[in-house]
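Here are a few friendly notes from a colleague, with the cysteines up front and the nonpolar cores after them. Please have the model open as you read.

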Amino acid sequence: MTHGSHGPGRRAVLGAGLGTGSLLAGAGWARRARAQSQQPTIRIGFLTDLSGPYKDITGETGAICARQAIADFGAAEKGMRVEVLLADHQHRPDVGIGIIREWFDRGDVDMILDVGNSAIGLAAGGLVTERNKVPLNTGAASSDLTGRSCNANTIHWPYDTWSNANSAARSLLSTGGNRWFFVTADYAFGKAMQADATRIVEAGGGQVVGSAVHPFPGTTDFSSYLVQARARRANVVAFANAGADTLNCVKQAAEFGLTRAGIRPAALVAFIQDIKALGLDVAQGLTISESFYWDLNDRTRAFTERLKPRLTNGGMPNMDHAAAYSSTLHYLKAVSDLGVARAKADGRAVVAAMKAMPTDDDCFGRGSVRADGRKIHPMYLFEAKKPSESTGPWDLLKLVGTTPAEQAFRPLAEGGCSLVTN
């Protein structure tokens with residue numbers, strides 16, 4: 001899949017995207033909206049990657065987690081009707097924005113969830129503000145979402161480029177990783193990750209010796225970038241990408257013998273699915289920053305047990321999936337407090353209510369939402385286990401460090417968000 005103009009038209013994409021898990025479809029939207037006008041329904045549009053490089057780390061499992069939140073909240077018992085629509089943005093901003101606009105215009109959608117692509121998340125800011133809707137970004141990672149591009153309608157779960165760059169850079173700098181080379185995905189997320197990590201590396205006395213930007217999506221051969229990193233005498237090659245791209249980078253770094261040459265591969269955004277796909281033989285010792293792990297504590301294990309019957313792929317939830325659960329649960333609490341009719345009429349009021357009340361759920365424990373829309377909770381540094389340390393197919397990570405919530409994310413005053421008053 002490329003960024004070119006070929007491929008299915010917007011109408012075809014919408015039809016395909018709404019086929020899975022949607023309770024509304026096509027021309028029936030307006031008719032259903034009129035028929036249910038006497039019983040307002042909260043509609044959640046889950047916009048995600050269903051077919052591309054991030055389909056396993058976001059994708060349909062996130063929508064399943066959102067439905068679990070609806071069930072755990074007891075929406076039906078409280079007399080609330082809540083529906084989830086599912087669509088594939090194909091990592092094309094024009095497609096993603098087209099779906100969002102269609103949902104707002106014809107689908108009576110109140111909240112957009114996941115997004116999973118920073119370029120789409122940033123591009124949607126003007127539209128959601130104009131329509132006064134609620135986007136809960138649980139898959140898009142750019143820290144600009146709560147920085148220069150913040151708005152009163154948007155909240156950002158569960159991590160961002162600053163939090164992950166902060167965790168990884170500080171750890172590697174403390175152990176001698178002071179010459180960095182970046183391999184970066186060519187869109188908003190990758191560029192933001194590189195920029196945030198660069199500032200932290202340089203502030204910590206390190207040096208960026210070079211970088212290479214790769215097309216996204218569609219790249220599978222990263223060998224030329226790894227050769228460049230070696231030629232620049234880097235001792236850290238940092239992958240500012242995710243999903244299949246990170247997997248290919250880590251595998252090819254191992255094939256090229258970067259570790260033997262004293263170069264440490266650093267996956268700035270990686271998930272348990274990546275460790276599973278690599279296998280512990282390859283992944284052992286790799287450190288990743290996460291805000292959720294299924295086996296972290298009693299509450300995360302309880303959440304995972306409730307979710308398992310809904311999962312058909314035999315997998316486990318990661319922090320993006322957990323964020324879809326957590327953010328949906330908190331959103332529904334705010335909707336319940338305001339009343340469905342008012343919540344549908346005023347997205348900014350819902351977001352204000354979400355910021356006013358503390359968060360608490362089995363995935364992230366207690367937390368809060370700051371004035372800039374940044375959801376706050378601890379971040380954890382995990383290390384992939386050795387094969388001999390693992391006791392089961394998903395027993396893959398061990399906790400090696402914790403960053404408290406108040407230190408885990410960019411300081412409020414440093415983001416440039418217009419909502420923050422000094």
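1. Let's begin with Cys363 in this predicted model. Its closest cysteine sulfur belongs to Cys65 and lies 7.0 Å away, which is too far for a bond. The cut-off for a disulfide here is 2.5 Å between the sulfur atoms. Cys363 counts as buried because its relative accessibility is 3%.

2. Cys249 is worth a look as well. With a relative accessibility of 0%, Cys249 also counts as buried.

3. How many disulfides does the count come to? The count is one, and the bond joins Cys150 to Cys417, with 2.1 Å from S to S. The torsion about this S-S bond is about 90°, so the disulfide is right-handed. Both Cys150 and Cys417 are buried.

4. Now for where the two partners sit. Cys150 is in the loop between strand E4 (134–137) and strand E5 (155–156), while Cys417 is in the segment after helix H17 (405–408), so the disulfide ties together parts 267 residues apart in sequence.

5. On to the nonpolar cores. The largest has 112 residues, and the members touching the most others are Trp180, Val237, Leu268, Ile275 and Tyr331. Helix H14 (residues 319–338) is the biggest contributor to this core, giving ten residues. There is also a second, separate core of 18 residues, with Leu47, Ala87, Phe104 and Val115 among them.

6. If you would like one residue to click on, try Val237. Leaving aside residues up to four places away in sequence, Val237 touches Phe181, Val183, Leu226, Ala229, Leu258, Ile263, Arg264, Pro265 and Ala266.

Note on methods:
Residues are numbered from 1 along each chain as its sequence is written. This is a predicted model: local features need pLDDT of at least 70, side-chain atom pairs count only at pLDDT 80 or more; totals for chains, interfaces and linings use all residues. Side-chain values use heavy atoms; hydrogens and water are left out. A nonpolar core is a set of buried Ala, Val, Leu, Ile, Met, Phe, Trp, Tyr and Cys residues joined through side-chain atoms within 4.5 Å. Buried means under 20% relative accessible area, exposed over 50%, partly exposed in between (1.4 Å probe, protein chains only). Helices (H or I, at least four residues) and strands (E, at least two) are DSSP runs, numbered from the N terminus. Contact means heavy atoms within 4.5 Å.
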